[in-house]
Amino acid sequence: MDGVRLQDLISRGMGTAARLTGLVCDAYRPAGALDPLQPSNRYLRLTAAFNAEDPTFRRANAYGRPVWYGVFDSAYTRPGDYLAECHGTRVWFIAMQPALLPVVCVLTNRVINLARPAAPALPGINSYGGVVRATLEPLLTNWPASVLAGGTGEREPAELPADVRLGGYSVILPAPPPIVLGNEASRIVLRADDLMTDDLGRTYVVSSAELSELGWRLLIKLATT
């Protein structure tokens, strides 16, 4: 039996198991940098179950572990897709669909926006060299992501007795699809010094950005509350 046929049988079996144990979810496929969960991106309704690194479903997930394993028919999905509960609030994205292995998913807990400060208009002497919100270049808007405490923060430069170290966080999100302009397609590349905001009104600065086959992993530092 060839690998393609075997993978098809496994996907079908996972779909059967999900129909018995899972919840109904809507599948969304991002079409650009704006709001992956907008109705026009919904392409499928399927039943899915998720387990926390335990195929027997005998234990729940713990703090600081965003990775889950998905049980559903993965023949119709691909990495980067979002799965949102139809009668709940939880949203996952598919990080990887390795052949003959469980589907790797990430549970999201925040909705984020990423933007890039504009470069100074003039070299050398300039009227202002800081970040101006009106000139920020939007990169991603309304993207569900995993934002968990982790990494190192920074202490306030004044080092007053009541100062606390600003928090460090780890962000995981899928890689956005290429943006087609004319006859060319270009990918959004995140980098250090990009700014991030979340649905709680907090602002962060990206200190490190790593792209792998699982998507983007960012290390960020809290800038304001």
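This short talk goes through the cores, the salt bridges and the largest pocket of the structure above.

Please keep in mind that this is a predicted model, in which local features need pLDDT of at least 70 and side-chain atom pairs count only at pLDDT 80 or more, while totals for chains, interfaces and linings use all residues. Residues are numbered from 1 along each chain as its sequence is written, and side-chain values use heavy atoms, with hydrogens and water left out.

Let me begin with the interior. The largest nonpolar core, meaning a set of buried Ala, Val, Leu, Ile, Met, Phe, Trp, Tyr and Cys residues joined through side-chain atoms within 4.5 Å, has 29 residues, and those with the most contacts inside it are I112, L114, V171, L173, M196, L218 and I220. Buried here stands for under 20% relative accessible area, exposed for over 50%, and partly exposed for what lies in between, with a 1.4 Å probe and protein chains only. Several strands, which are DSSP runs of E with at least two residues, numbered from the N terminus, give two or more residues to this core, including β7 (110-116), β11 (168-173) and β16 (215-224). The most comes from β8, with five residues. Apart from this core lies another, of 13 residues, among them C25, A27, A52 and W92.

Now to the charged side chains. The structure holds ten salt bridges, each being a side-chain nitrogen of Lys or Arg within 4 Å of a carboxyl oxygen of Asp or Glu. In one of them R42 pairs with D26, the closest N and O atoms being 2.9 Å apart, and this joins strand β2 (residues 42-51) to strand β1 (residues 23-28) across 16 residues of the chain. R42 is partly exposed, at 37% relative accessibility, whereas D26 is buried, at 8%. Another salt bridge brings together D199 and R110, at 2.7 Å from N to O; D199 sits in the loop between β14 (195-198) and β15, and R110 in strand β7, 89 residues apart. R5, D8 and R12 are linked in a network of salt bridges.

Finally, where is the centre of the largest pocket, in terms of the closest residues? About 220 Å³ of space lies in this pocket, and of the 17 residues that line it, P79, G80, A175, P176 and P177 are the closest to its centre. A pocket is an open set of points on a 1 Å grid over the protein atoms alone, where a 1.4 Å probe fits, with protein on both sides within 12 Å along at least five of seven lines, and lining residues have an atom within 4 Å of a point; the volume is the space filled by probe spheres set on the points, which are joined across faces, edges and corners.

Note on methods
Helix = DSSP H or I, 4+ residues; strand = E, 2+ residues; numbered from the N terminus.
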